[in-house]
Amino acid sequence: MSRAWQSPFLRETPWQSKPHKALFMGCAALLSLYLAYVLFLSQSDFFSGALETAVALLWFFVIAGLIFLFLLWACQRLARTPGMVFSEKSKRSPLFFGVCAGLSLFLLGVSFLASYPGGVSYDVYNQWTQAQTGLYNSWHPVFHTLLMG
């Protein structure tokens with residue numbers, strides 16, 4: 001990869017090794033895909049038609065890309081803040097822990113709010129209907145379904 005196309009976060013942090021950079025990029029990509037799924041794709045008109053599916057997938061990847069760029073920017077800013085990651089004693093800074101814990105709790109709260117009040121998949125709905133009506137099929141173990149009713 002040419003240095004002109006590298007992210008400033010990858011180019012300007014000499015304390016990272018190449019495996020660390022690869023692991024960071026992989027985790028950031030997976031986190032951005034997960035957040036884009038939770039915030040958008042799970043609530044969209046996915047699989048309702050060919051055009052709706054194509055548009056939903058396009059927006060999903062756009063949102064995931066924006067989240068990925070935001071993660072790179074935020075990590076770059078945190079790494080450049082004096083005393084944020086490492087204190088003078090070369091131990092992790094308590095401020096860094098607090099910022100990471102706060103960011104994690106914020107993201108967890110956003111994903112809970114995005115999926116509020118929750119949902120029921122077809123599988124659970126099917127088993128609940130069997131338990132309520134008494135008409136059983138072989139999709140679930142009957143004993144497990146009887147425990148629900």
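## Cysteines and the H2–H3 helix contact

Cys75 is partly exposed, at a relative accessible area of 25% (buried is under 20%, exposed over 50%, partly exposed in between, with a 1.4 Å probe and protein chains only). The model is predicted, so local features need pLDDT of at least 70 and side-chain atom pairs count only at pLDDT 80 or more, while totals for chains, interfaces and linings use all residues. Residues are numbered from 1 along each chain as its sequence is written, and side-chain values use heavy atoms, leaving out hydrogens and water.

| Cysteine | Relative accessible area |
|---|---|
| Cys75 | 25% |
| Cys100 | 28% |

Zero disulfides are found in the whole structure, a disulfide being a pair of cysteine sulfur atoms within 2.5 Å. For Cys75, the closest cysteine sulfur is that of Cys100, and 7.8 Å is too far for a bond.

Cys75 also belongs to the contact between two helices. Helices are DSSP runs (H or I, at least four residues) numbered from the N terminus. The axes of H2 (residues 18–39) and H3 (residues 50–80) come within 8 Å and cross at roughly 135°; axes are lines fitted to C-alpha atoms over the stretch in contact, and angles run from 0 to 180 degrees between N-to-C directions. The two helices are therefore oblique to each other (under 35 degrees is roughly parallel, over 145 roughly antiparallel, 65 to 115 roughly perpendicular and the rest oblique).

With contact meaning heavy atoms within 4.5 Å, residues of H2 including Phe24, Met25 and Leu39 meet residues of H3 including Phe60, Leu72 and Cys75. By class, this contact has 19 nonpolar, one polar and no charged residues.

Methods: Ala, Val, Leu, Ile, Met, Phe, Trp, Tyr, Cys and Pro count as nonpolar, Asp, Glu, Lys and Arg as charged, and the others, Gly among them, as polar.
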